[in-house]
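Subject: Structure handover

Hello,

Here is the structure for you to look over. Please open it first, then read my notes below.

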Amino acid sequence: MRNVFLNPELEVKFQKDGYVRVPFISKEEVEELKQLFFDSLPSSGGQITAGETGVQNSNAITYDFTFIDKNPDYKRKVFDIITKRFKVATDAILDNYKPIIANYIRKQTETGEVPLHQNWAFANERKCSTISIWCPLVDSTVENGTLQVVPGSHKRFGEVRGPMVPWELDAIKKEIIERHLIPLETTAGECVILDDSIVHYSAVNKTNDLRLAIQLICIPAEMPSWHYNMDSSVSSNEVNILEVDVDFYFEFNPWKKPENFRKVKTIPYLHRAINEQEFMDRLNRPGFDTEKKTGFFAKIKELLKD
Ligand SMILES: [Fe+2]
(Lines give C-alpha, C1' and ligand atoms only; values in the text may rest on other atoms or scores of the structure.)
Protein backbone atom coordinates (compact mmCIF):
# COMPACT_ATOMS: atom_id res chain seq x y z
CA MET A 1 0.00 0.00 0.00
CA ARG A 2 1.26 3.45 -0.94
CA ASN A 3 2.08 5.91 1.85
CA VAL A 4 -0.10 8.95 2.53
CA PHE A 5 2.28 10.81 4.83
CA LEU A 6 5.99 11.64 4.87
CA ASN A 7 6.05 11.15 8.64
CA PRO A 8 5.84 7.43 9.61
CA GLU A 9 4.09 8.14 12.94
CA LEU A 10 1.29 10.05 11.21
CA GLU A 11 1.04 7.20 8.72
CA VAL A 12 0.51 4.59 11.45
CA LYS A 13 -2.09 6.74 13.24
CA PHE A 14 -3.94 7.47 9.99
CA GLN A 15 -4.02 3.83 8.88
CA LYS A 16 -5.40 2.83 12.31
CA ASP A 17 -8.04 5.54 12.85
CA GLY A 18 -8.76 6.81 9.31
CA TYR A 19 -7.87 10.38 10.23
CA VAL A 20 -5.25 12.58 11.90
CA ARG A 21 -5.43 16.14 13.24
CA VAL A 22 -2.35 18.31 12.64
CA PRO A 23 -1.27 21.98 12.77
CA PHE A 24 -1.64 23.27 9.22
CA ILE A 25 -1.66 27.00 8.34
CA SER A 26 -0.91 30.27 10.15
CA LYS A 27 -3.46 32.68 11.70
CA GLU A 28 -2.62 35.16 8.90
CA GLU A 29 -3.34 32.55 6.22
CA VAL A 30 -6.61 31.71 7.98
CA GLU A 31 -7.65 35.38 7.85
CA GLU A 32 -6.61 35.72 4.20
CA LEU A 33 -8.59 32.62 3.17
CA LYS A 34 -11.61 33.88 5.08
CA GLN A 35 -11.41 37.23 3.30
CA LEU A 36 -11.01 35.52 -0.08
CA PHE A 37 -14.20 33.55 0.51
CA PHE A 38 -16.20 36.76 0.82
CA ASP A 39 -14.26 38.50 -1.99
CA SER A 40 -14.94 35.66 -4.45
CA LEU A 41 -18.59 35.18 -3.50
CA PRO A 42 -19.98 37.67 -6.08
CA SER A 43 -18.84 35.37 -8.93
CA SER A 44 -20.75 32.40 -7.47
CA GLY A 45 -23.46 31.18 -9.83
CA GLY A 46 -25.72 30.14 -6.94
CA GLN A 47 -26.16 26.56 -5.90
CA ILE A 48 -27.96 23.75 -7.60
CA THR A 49 -31.13 23.15 -5.58
CA ALA A 50 -32.59 19.76 -4.69
CA GLY A 51 -35.45 20.35 -7.15
CA GLU A 52 -33.03 21.06 -9.98
CA THR A 53 -31.12 17.81 -9.58
CA GLY A 54 -33.95 15.81 -11.12
CA VAL A 55 -33.23 13.19 -8.48
CA GLN A 56 -36.30 12.10 -6.55
CA ASN A 57 -36.13 12.46 -2.75
CA SER A 58 -32.81 14.25 -2.92
CA ASN A 59 -32.18 16.17 0.26
CA ALA A 60 -31.96 19.94 0.29
CA ILE A 61 -28.40 21.02 1.03
CA THR A 62 -28.64 23.74 3.67
CA TYR A 63 -25.00 24.87 3.65
CA ASP A 64 -22.98 26.86 1.12
CA PHE A 65 -20.85 24.35 -0.74
CA THR A 66 -18.63 25.25 -3.69
CA PHE A 67 -18.95 21.84 -5.34
CA ILE A 68 -22.61 22.33 -6.24
CA ASP A 69 -22.19 25.90 -7.54
CA LYS A 70 -23.67 26.45 -10.99
CA ASN A 71 -20.72 28.47 -12.24
CA PRO A 72 -17.68 26.30 -13.19
CA ASP A 73 -15.52 29.46 -13.34
CA TYR A 74 -16.33 30.21 -9.71
CA LYS A 75 -15.32 26.64 -8.80
CA ARG A 76 -12.06 27.12 -10.72
CA LYS A 77 -11.42 30.40 -8.89
CA VAL A 78 -11.98 28.75 -5.48
CA PHE A 79 -9.73 25.84 -6.53
CA ASP A 80 -6.92 28.28 -7.42
CA ILE A 81 -7.36 30.31 -4.22
CA ILE A 82 -7.18 27.24 -1.97
CA THR A 83 -4.56 25.13 -3.76
CA LYS A 84 -2.17 28.11 -4.02
CA ARG A 85 -2.34 28.79 -0.28
CA PHE A 86 -2.34 25.15 0.84
CA LYS A 87 0.54 23.99 -1.37
CA VAL A 88 3.44 24.53 1.03
CA ALA A 89 1.63 22.86 3.95
CA THR A 90 0.31 19.89 1.93
CA ASP A 91 3.69 19.25 0.27
CA ALA A 92 5.33 19.26 3.69
CA ILE A 93 2.92 16.67 5.13
CA LEU A 94 1.72 14.44 2.28
CA ASP A 95 3.79 12.01 0.22
CA ASN A 96 3.37 13.41 -3.31
CA TYR A 97 -0.38 14.05 -3.49
CA LYS A 98 -2.25 16.30 -5.96
CA PRO A 99 -5.46 18.29 -5.36
CA ILE A 100 -8.56 17.45 -7.40
CA ILE A 101 -11.49 19.25 -5.67
CA ALA A 102 -11.53 22.36 -3.44
CA ASN A 103 -14.53 23.62 -1.50
CA TYR A 104 -15.54 26.31 0.90
CA ILE A 105 -18.25 25.09 3.30
CA ARG A 106 -20.26 27.69 5.19
CA LYS A 107 -22.99 26.85 7.69
CA GLN A 108 -25.27 29.72 8.52
CA THR A 109 -27.03 29.84 11.89
CA GLU A 110 -29.44 26.93 12.61
CA THR A 111 -28.60 25.21 9.31
CA GLY A 112 -25.90 23.13 7.74
CA GLU A 113 -26.42 19.54 8.87
CA VAL A 114 -24.34 17.28 6.63
CA PRO A 115 -25.97 13.83 6.63
CA LEU A 116 -23.93 10.79 7.64
CA HIS A 117 -21.95 9.66 4.60
CA GLN A 118 -18.66 8.52 3.14
CA ASN A 119 -17.11 10.75 0.49
CA TRP A 120 -17.17 9.42 -3.05
CA ALA A 121 -14.26 7.26 -4.10
CA PHE A 122 -11.71 9.23 -6.12
CA ALA A 123 -9.19 6.52 -7.09
CA ASN A 124 -8.60 2.80 -6.76
CA GLU A 125 -8.69 2.44 -2.95
CA ARG A 126 -7.13 -1.02 -3.01
CA LYS A 127 -3.92 0.64 -4.16
CA CYS A 128 -3.98 3.89 -2.20
CA SER A 129 -5.90 6.16 0.14
CA THR A 130 -7.43 9.39 -1.12
CA ILE A 131 -7.83 12.10 1.49
CA SER A 132 -9.77 15.22 2.37
CA ILE A 133 -8.00 18.01 4.17
CA TRP A 134 -10.70 19.59 6.33
CA CYS A 135 -9.50 22.95 7.60
CA PRO A 136 -11.87 25.14 9.61
CA LEU A 137 -11.26 28.91 9.31
CA VAL A 138 -12.88 29.50 12.71
CA ASP A 139 -12.51 27.36 15.85
CA SER A 140 -14.79 24.44 15.16
CA THR A 141 -16.80 23.11 18.11
CA VAL A 142 -19.72 20.80 18.88
CA GLU A 143 -21.92 23.94 19.13
CA ASN A 144 -21.11 25.21 15.63
CA GLY A 145 -21.32 21.79 14.02
CA THR A 146 -17.80 20.41 13.86
CA LEU A 147 -16.80 17.33 11.88
CA GLN A 148 -17.64 13.99 13.51
CA VAL A 149 -16.23 10.62 12.49
CA VAL A 150 -16.53 6.91 13.25
CA PRO A 151 -12.89 6.09 14.10
CA GLY A 152 -11.56 3.10 12.18
CA SER A 153 -14.48 2.98 9.74
CA HIS A 154 -12.32 3.75 6.69
CA LYS A 155 -12.25 1.08 3.98
CA ARG A 156 -14.73 -1.07 5.91
CA PHE A 157 -17.86 -0.08 3.96
CA GLY A 158 -19.04 0.98 0.52
CA GLU A 159 -16.01 0.49 -1.68
CA VAL A 160 -18.00 1.59 -4.74
CA ARG A 161 -19.10 5.14 -3.93
CA GLY A 162 -20.50 7.67 -6.36
CA PRO A 163 -23.44 10.06 -6.70
CA MET A 164 -26.11 7.52 -7.70
CA VAL A 165 -24.80 4.41 -6.00
CA PRO A 166 -27.00 3.25 -3.08
CA TRP A 167 -25.25 3.16 0.31
CA GLU A 168 -25.13 0.03 2.45
CA LEU A 169 -25.36 2.05 5.71
CA ASP A 170 -28.40 4.04 4.62
CA ALA A 171 -30.87 2.19 6.89
CA ILE A 172 -28.77 2.57 10.08
CA LYS A 173 -27.72 6.23 9.80
CA LYS A 174 -29.71 7.18 12.90
CA GLU A 175 -28.11 4.44 15.04
CA ILE A 176 -24.61 5.39 13.89
CA ILE A 177 -25.20 9.09 14.62
CA GLU A 178 -26.56 8.25 18.09
CA ARG A 179 -23.91 5.74 19.14
CA HIS A 180 -20.74 5.61 17.08
CA LEU A 181 -19.49 9.11 16.25
CA ILE A 182 -16.88 11.24 17.96
CA PRO A 183 -16.69 15.03 17.39
CA LEU A 184 -13.32 16.45 16.32
CA GLU A 185 -13.11 19.92 17.81
CA THR A 186 -10.48 21.73 15.78
CA THR A 187 -8.79 25.11 16.16
CA ALA A 188 -8.68 27.51 13.19
CA GLY A 189 -5.43 26.78 11.35
CA GLU A 190 -5.33 23.12 12.34
CA CYS A 191 -6.73 20.56 9.96
CA VAL A 192 -8.13 17.07 10.03
CA ILE A 193 -6.84 14.84 7.25
CA LEU A 194 -9.35 12.10 6.70
CA ASP A 195 -9.55 9.04 4.52
CA ASP A 196 -12.36 9.74 2.04
CA SER A 197 -13.86 6.36 2.90
CA ILE A 198 -14.30 7.15 6.64
CA VAL A 199 -17.92 7.39 7.87
CA HIS A 200 -18.54 11.01 8.93
CA TYR A 201 -21.18 13.60 9.74
CA SER A 202 -21.63 17.14 10.98
CA ALA A 203 -24.50 18.79 12.84
CA VAL A 204 -26.27 22.13 12.59
CA ASN A 205 -24.48 25.37 13.50
CA LYS A 206 -26.22 26.32 16.75
CA THR A 207 -24.31 29.59 17.15
CA ASN A 208 -24.82 33.05 15.63
CA ASP A 209 -21.22 33.13 14.45
CA LEU A 210 -19.52 32.44 11.16
CA ARG A 211 -18.86 28.72 10.63
CA LEU A 212 -16.56 28.48 7.61
CA ALA A 213 -14.28 25.61 6.61
CA ILE A 214 -12.28 24.41 3.63
CA GLN A 215 -12.17 20.93 2.15
CA LEU A 216 -9.40 19.99 -0.24
CA ILE A 217 -9.55 16.52 -1.78
CA CYS A 218 -6.20 15.06 -2.83
CA ILE A 219 -5.12 11.82 -4.50
CA PRO A 220 -1.65 10.34 -5.13
CA ALA A 221 0.03 12.31 -7.93
CA GLU A 222 0.70 9.22 -10.05
CA MET A 223 -2.79 7.68 -9.74
CA PRO A 224 -5.61 8.23 -12.23
CA SER A 225 -8.73 9.77 -10.71
CA TRP A 226 -11.72 7.43 -10.79
CA HIS A 227 -15.39 8.30 -10.68
CA TYR A 228 -17.98 5.59 -10.07
CA ASN A 229 -20.99 6.25 -12.23
CA MET A 230 -24.26 4.34 -12.01
CA ASP A 231 -26.80 5.00 -14.73
CA SER A 232 -29.91 3.43 -13.19
CA SER A 233 -31.86 4.10 -16.40
CA VAL A 234 -29.57 1.47 -17.95
CA SER A 235 -28.98 -0.85 -14.96
CA SER A 236 -28.85 -0.75 -11.15
CA ASN A 237 -26.67 -3.84 -11.17
CA GLU A 238 -23.59 -2.37 -12.75
CA VAL A 239 -21.35 0.61 -12.24
CA ASN A 240 -19.01 2.27 -14.73
CA ILE A 241 -15.56 3.28 -13.58
CA LEU A 242 -14.65 6.51 -15.38
CA GLU A 243 -11.20 8.03 -15.49
CA VAL A 244 -11.65 11.77 -14.99
CA ASP A 245 -9.67 14.93 -14.26
CA VAL A 246 -9.98 18.20 -12.39
CA ASP A 247 -12.09 19.74 -15.19
CA PHE A 248 -14.62 16.93 -14.86
CA TYR A 249 -15.37 18.07 -11.30
CA PHE A 250 -15.59 21.76 -12.26
CA GLU A 251 -18.23 20.87 -14.83
CA PHE A 252 -19.91 18.19 -12.71
CA ASN A 253 -23.61 18.57 -12.47
CA PRO A 254 -25.90 15.96 -10.93
CA TRP A 255 -28.47 16.00 -13.71
CA LYS A 256 -26.01 16.00 -16.58
CA LYS A 257 -24.70 12.80 -18.11
CA PRO A 258 -20.95 12.79 -17.54
CA GLU A 259 -18.76 13.77 -20.50
CA ASN A 260 -15.01 14.09 -21.10
CA PHE A 261 -13.89 10.84 -19.53
CA ARG A 262 -12.32 7.54 -20.47
CA LYS A 263 -14.23 4.45 -19.40
CA VAL A 264 -11.93 2.12 -17.48
CA LYS A 265 -14.41 -0.74 -17.12
CA THR A 266 -17.90 -1.73 -16.05
CA ILE A 267 -18.22 -3.75 -12.85
CA PRO A 268 -21.18 -5.69 -11.45
CA TYR A 269 -22.87 -4.06 -8.46
CA LEU A 270 -25.15 -5.66 -5.92
CA HIS A 271 -26.78 -3.45 -3.30
CA ARG A 272 -27.08 -4.91 0.19
CA ALA A 273 -28.04 -2.99 3.35
CA ILE A 274 -26.33 -4.01 6.60
CA ASN A 275 -27.58 -3.82 10.19
CA GLU A 276 -25.90 -2.25 13.22
CA GLN A 277 -24.41 -5.54 14.45
CA GLU A 278 -22.72 -6.17 11.10
CA PHE A 279 -21.57 -2.55 11.11
CA MET A 280 -19.80 -3.09 14.46
CA ASP A 281 -18.38 -6.47 13.42
CA ARG A 282 -16.86 -5.00 10.29
CA LEU A 283 -15.23 -2.15 12.23
CA ASN A 284 -13.08 -4.79 13.92
CA ARG A 285 -12.12 -6.58 10.73
CA PRO A 286 -9.42 -5.60 8.20
CA GLY A 287 -10.43 -3.18 5.44
CA PHE A 288 -11.32 -4.08 1.85
CA ASP A 289 -7.86 -2.98 0.73
CA THR A 290 -6.30 -5.89 2.64
CA GLU A 291 -8.66 -8.59 1.39
CA LYS A 292 -6.98 -11.58 -0.15
CA LYS A 293 -7.61 -12.11 -3.84
CA THR A 294 -9.88 -15.11 -4.38
CA GLY A 295 -9.59 -15.68 -8.13
CA PHE A 296 -8.21 -18.87 -9.72
CA PHE A 297 -4.73 -17.46 -10.35
CA ALA A 298 -4.55 -15.97 -6.87
CA LYS A 299 -5.33 -19.42 -5.41
CA ILE A 300 -2.63 -21.10 -7.53
CA LYS A 301 -0.15 -18.45 -6.42
CA GLU A 302 -1.01 -19.09 -2.76
CA LEU A 303 -0.58 -22.86 -3.23
CA LEU A 304 2.77 -22.39 -4.93
CA LYS A 305 3.90 -20.13 -2.14
CA ASP A 306 3.09 -22.81 0.43
FE1 LIG B 1 -17.81 14.46 3.44
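Strands β11 and β12 (residues 238–244) pair in the antiparallel sense, over five bridges. Keep in mind throughout that this is a predicted model.

**Strand β11**

Within that pair, W226 stands opposite E243 of β12. Strand β11 runs over residues 225–229, and five of its five residues are buried, so the strand is largely enclosed by the rest of the structure. The side chains split two ways. S225, H227 and N229 point one way from β11. W226 and Y228 point the other way. Both sets are buried.

**Iron site**

Which residues hold the iron ion? The protein donors are H117 through NE2, N119 through OD1 and H200 through NE2. They lie 2.1 to 2.2 Å from the iron ion. The spacing of the donor residues in sequence is H-x1-N-x80-H. H117 sits in strand β4 (residues 114–117) and H200 in strand β9 (residues 200–202), so this pair ties together parts that are 83 residues apart in sequence. Are these two histidines buried or exposed? H117 is partly exposed, at 22% relative accessibility. H200 is buried, with a relative accessible area of 5%. The cut-off for buried is under 20%, so H117 falls outside it and H200 inside.

**Nonpolar cores**

The largest nonpolar core has 36 residues. Within it, F86, L94, Y104, I133 and I193 touch the most other members. Several elements give two or more residues to this core. The helices that do so are α1 (8–17), α2 (27–40) and α3 (72–93). The strands are β1 (19–23), β3 (97–106), β5 (131–136), β8 (190–195) and β10 (212–220). Helix α3 supplies the largest share, eight residues. There is also a second, separate core of 16 residues. Among its members are Y63, I100, F248 and F252.

**Salt bridges**

How many salt bridges are there? The count comes to 22. Side chains of opposite charge can pair when their charged atoms come close. Three examples follow.

- K13 and D17: their closest N and O atoms are 3.9 Å apart. Both residues lie in helix α1, four residues apart, about one turn of the helix. K13 is partly exposed, with a relative accessible area of 44%. D17 is buried, at 14% relative accessibility.
- K206 and E110: the closest N and O atoms are 3.9 Å apart here. K206 lies in the loop between β9 and β10 and E110 in the loop between β3 and β4, so the pair ties together parts that are 96 residues apart in sequence. K206 counts as exposed, at 58% relative accessibility. E110 is partly exposed, with a relative accessible area of 47%.
- R179 and E276: these side chains meet at 2.9 Å, N to O. R179 belongs to helix α4 (residues 173–179) and E276 to helix α6 (residues 276–283), so this salt bridge ties together parts that are 97 residues apart in sequence. E276 is buried, with a relative accessible area of 18%.

Salt bridges with shared partners also join D73, R76, D247 and E251 into one network.

**Helix α6**

E276 comes up again here. In α6, the residues E276, F279, R282 and L283 are buried. They cover an arc of only 125 degrees around the axis, which puts them on the same side of α6. What covers them? The cover includes α4. R179, the salt-bridge partner of E276, lies in that helix.

**The loop around V142**

V142 is placed in the loop between β5 and β6 (147–149). At 43% relative accessibility, V142 is partly exposed. Leaving aside residues up to four places away in sequence, V142 touches P183 and E185. V142 and E185 are 43 residues apart in sequence, yet their C-alpha atoms are 6.7 Å apart in space.

**Where to look**

Start with the iron ion and its donors H117, N119 and H200. Then turn to β11, with its five buried residues. Finish with R179 and E276, the salt bridge between α4 and α6.

Best wishes

Notes: Residues numbered from 1 in each chain as written. Predicted model: local features only at pLDDT ≥ 70, side-chain atom pairs only at ≥ 80, totals over all residues. Heavy atoms only, no water. Core = buried A, V, L, I, M, F, W, Y, C linked by side-chain atoms within 4.5 Å. Buried < 20%, exposed > 50% of the residue type's maximum accessible area, 1.4 Å probe, protein only. Donors = N, O, S within 2.8 Å, 3.2 Å for Na, K, Ca; no water. Pairing = 2+ DSSP bridges. Salt bridge = Lys/Arg side-chain N within 4 Å of Asp/Glu carboxyl O. Contact = heavy atoms within 4.5 Å. Arc of directions from axis to C-beta.
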